[in-house]
Amino acid sequence: MTETSLDSFISGLPKAELHLHIEGSLEPELMFALAKRNALTLPYKSVEEIRAAYSFSRLQDFLDIYYAGASVLLTAEDFHDLGLAYFRRAAADGVRHAEIFFDPQTHTDRGVPFATVAKGLFSAMDAAQRTLNVSSKLILCFLRHLDEDAAFATLKMAEPYLDRIAGVGLDSSEVGHPPSKFARVFKRAREMGLKLVAHAGEEGPPDYVYEALDLLGVDRLDHGNRSLEDESLVKRLAATGMTLTVCPLSNLKLCVVHDMKDHPLKRMLALGLNATVNSDDPAYFGGYVNDNFRAVAAGVGLTREEISRLARNSFTGSFLNPDEQAVHLAALDAYSAA
Ligand code: HPA
Ligand code: ZN
């Protein structure tokens, strides 16, 4: 199969996106528009200058710029516009369902009420369902560089909205902030009926993945790349059918991998891991989900069967119920067979 026909296979492939930080989908154009609407001055003169600043050698380089960028988000309308822009772009990539992260502490800590963030994102999710036929779920991420008491306070703020929040996650600076730091708040979230996910093994060691499994009891693992350093961990992840939300362009931009040819995705599939492909922070890492599929497919030489498998994993690894998953899997099978 030529590269072009593989690309078009990827384009039309029905898929779910399971690792997307909504604040990381803030494109420079929208950043400027929101700054103008909110009468704020950005420390950049142009969209080009913003894009030129997006050069990172590790996770923290990115996080510093990402948190600064989010400062233009003030009103429910801002969060609505941010969310709907993502859903439109995702729909164009064949995304039928998205489970999106948001970082409430990034906003509440600068005086934007939790209710404002929630209201804007819920209305974007409703509009996506209504106008794009894209379903979605929302995952509240705790910032791991802050303490567990702050995470508990955030969970408390979320209480009035729990009918619309599917789960909690853990993101931000990984090294030095192991999952064990959040064991109590994750236990509480589990008791409240929430799904649990955590970033682990992006920059952090395999021990952090063990902690996410054993101390947090995660239902899904975000990134998980460094699990491959531990053979018995890989066996366990494969045997338990754990879904890994892998983000190829993110890995490249944050120097988790140094060349797309070295990306571990193909190896993950060969080892029996339920890997998926996701965009993480597409406005910062140079591509949405299909760009991620294309880049990694070209880098490591994925077959059509492997690409179909990744899309299948995205639905079976989602928090949709089995009946909902079955509808998407049937559409995927029909597409792959055609
Ligand atoms: N890792 C950790 N925190 C994040 C990321 C990531 O890839 N994206 C946004 N916050
Ligand atoms: Zn992430």
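Which polar side-chain atom lies 2.7 Å from a nitrogen atom of ligand 1? In this predicted model, it belongs to Asp-281. Because the model is predicted, local features are described at pLDDT of at least 70 and side-chain atom pairs at pLDDT 80 or more, while totals for chains, interfaces and linings use all residues. Residues are numbered from 1 along each chain as its sequence is written, chains are lettered from A and ligands numbered from 1 in the order in which they are written, and side-chain values use heavy atoms, with hydrogens and water left out.

The ligand makes further polar contacts (pairs of N or O atoms within 3.5 Å). An oxygen atom of ligand 1 is 2.8 Å from a side-chain N or O atom of Asp-280, and an oxygen atom of the ligand is also 3.2 Å from such an atom in His-223. Alone, ligand 1 would expose 260 Å², and the protein buries 100% of that area, as computed by the Shrake-Rupley method with a 1.4 Å probe.

As for its surroundings, ligand 1 sits in the largest cavity. A cavity is a set of points, on a 1 Å grid over the protein atoms alone, where a 1.4 Å probe fits but cannot get out; a molecule sits in it if more than half of its atoms lie within 2 Å of its grid points. The residues around the ligand (those with a heavy atom within 4 Å of it) include His-21, Asp-171, Ser-172, His-199 and Glu-202. Helix 4 (residues 59–69) gives the largest share of this shell, four residues; helices are DSSP runs of H or I with at least four residues, and strands are runs of E with at least two, numbered from the N terminus. By class, the shell divides into four nonpolar, four polar and four charged residues.

Ser-172 also deserves a look for its backbone. Most residues other than glycine have a negative phi. Ser-172, however, has a positive phi of about 85°, and lies in the loop between strand 4 (167–171) and helix 9 (183–191). At 7% relative accessibility, Ser-172 is buried (under 20%, with exposed over 50% and partly exposed in between; 1.4 Å probe, protein chains only). Asn-133 likewise has a positive phi, of about 55°, in the loop between helix 7 (114–132) and strand 3 (135–143), but Asn-133 counts as exposed at 58%.

Finally, Ala-331 belongs to helix 17 (residues 322–337) and is partly exposed, with 27% relative accessibility. Ala-331 and Lys-15 are 316 residues apart in sequence, yet their C-alpha atoms are 9.8 Å apart in space.

Methods: A polar contact is a pair of N or O atoms within 3.5 Å; within protein, one must be able to donate a hydrogen and the other to accept it, and residues adjacent in sequence count only if both atoms are side-chain atoms. On a 1 Å grid over the protein atoms alone, a cavity is a set of points where a 1.4 Å probe fits but cannot get out, and a pocket is an open set with protein on both sides within 12 Å along at least five of seven lines; lining residues have an atom within 4 Å of a point. Ala, Val, Leu, Ile, Met, Phe, Trp, Tyr, Cys and Pro count as nonpolar, Asp, Glu, Lys and Arg as charged, and the others, Gly among them, as polar.
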